[in-house]
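Biologist: Please take a close look at a single part of this model, beginning with one residue and its loop. I would then like a connected account of the charged and nonpolar groups elsewhere in the chain.

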Amino acid sequence: MIAKLLHRSERGIRYRLALFGKSSRVHVDGYARRTLAEELHFGRKTIQQMIVRGLLEVRDPRITPESLRALQKSGRLASLQLNHKREKETPAGTEQEPSSARDVKNCTPDSAGPSGSFVKSTRASRVWTDVARTLNVSLETVERLIAQRSLKLYDPRVTEKSFSNFCRRNGALINGELLDGETRHWLRSSMDWNRSGGEADARRLNPFRRHALVVRRCTGCGRDIRGNAFFRHIRRCGSAKSQGITPAPPVDFRPRP
């Protein structure tokens, strides 16, 4: 298909890919989480939270047996089961946290809005409910473990259909100011990007997005890093110069009179 679009031979396409050091393996459908995070300027945890919340669907939401065995060997499962048992024994009349307060807590830089605003796919919900029942824990616990990547999915690639639906229904969650021209054109032409979709949830993220407008340069490796990821980078950067780096002064985002 690529050869037809570029009016070249299939052998020529494979040769050019080899020169660029790229793999010729073709995925039928889906986007890698890391690719989406880089293109949309999201954190990797944000993409994972969107999958858990139901904003994005993956190709295969089943949980791998290896991650289940690793959870059992870690010793965490026993404490999670004990907490679940205590929750079931709690009287039904116990006062719970108001939903508005929960929505505010869920609206963090690594989340995509209130947890009750979206419904995850039927398949993912059914699979994760069965796992929760098998492990004798709550569904919320399984979702939290998936968000933390303690439980891994068979195929975590985001489907093209779900990403298109996300751009159309919740396009306001994507900060267009951070995108380059090529990415904006791709979202508008191929993904039906609607910048006004989901504005109510996007407004809750505005206070957490302001840090992403600041770009700082690491004097150790010379990289330009956007937002608070800069401070994580200088702690991990192997260059000795970056250890004594002085961060740029904070930017005042308050509106001017």
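**A loop residue and its wider setting**

Modeller: In this predicted model, H41 has a relative accessible area of 38% and is therefore partly exposed, since that class covers values between buried, under 20%, and exposed, over 50%. H41 sits in the loop that joins α3 (33-40) to α4 (44-53). Its backbone deserves attention: although H41 is not a glycine, its phi is positive, at about 60°. Most residues other than glycine have a negative phi. The description also fits N136, another non-glycine residue with a positive phi of about 60°. N136 occupies the loop between α8 and α9 (139-147), and with a relative accessible area of 39% it is likewise classed as partly exposed.

Helix α8 (residues 122-135) carries a salt bridge of its own. D130 and R133 form this contact, with their closest N and O atoms 3.0 Å apart. The two residues are three positions apart in the helix, which means that about one helical turn separates them. D130 is partly exposed at 37% relative accessibility, whereas R133, with a relative accessible area of 59%, is exposed.

A comparable arrangement is found in helix α2 (residues 10-19), where E10 and R14 are four residues apart and so are separated by about one helical turn. Their closest N and O atoms lie 3.2 Å apart, and the pair forms a salt bridge. E10 is exposed, having a relative accessible area of 52%, while R14 is partly exposed at 44% relative accessibility.

The strands offer a contact of another kind. R59 and D155 form a salt bridge in which the closest N and O atoms are 3.4 Å apart. This pair connects distant parts of the chain, 96 residues apart, with R59 in strand β1 (residues 58-63) and D155 in strand β2 (residues 153-158). R59 is partly exposed, at 31% relative accessibility. The two strands also pair with one another in the antiparallel sense, over three bridges, and D155 of β2 is the bridge partner of D60. D155 thus takes part in a salt bridge with R59 as well as in the strand pairing with D60. Five of the six residues of β2 are buried, so the rest of the structure largely encloses this strand. D60 belongs, in addition, to a network of salt bridges that links it with R62 and R123. Over the whole structure, the search finds eight salt bridges.

Two surface patches complete the account. The patch of positive charge gathers K45, R232, R235 and R236. Helix α13 (residues 229-236) contributes the most to this patch, with three residues. R232 is placed in that helix and, at 44% relative accessibility, is partly exposed. The other patch is nonpolar: M1, I2, L5 and L6 form it on the surface, with about 480 Å² of accessible area together. Of these residues, L6 lies in helix α1 (residues 2-6).

Key. Residues numbered from 1 in each chain as written. Predicted model: local features only at pLDDT ≥ 70, side-chain atom pairs only at ≥ 80, totals over all residues. Heavy atoms only, no water. Patch = residues over 30% accessible without salt bridge, like charges linked within 9 Å, V, L, I, M, F, W, Y side chains within 5 Å. Areas by Shrake-Rupley, 256 points an atom, 1.4 Å probe, with all protein chains shown as cover. Salt bridge = Lys/Arg side-chain N within 4 Å of Asp/Glu carboxyl O. Lys, Arg positive; Asp, Glu negative; His and termini not counted. Charge placed at Lys NZ, Arg CZ, Asp CG, Glu CD. Buried < 20%, exposed > 50% of the residue type's maximum accessible area, 1.4 Å probe, protein only. Pairing = 2+ DSSP bridges.
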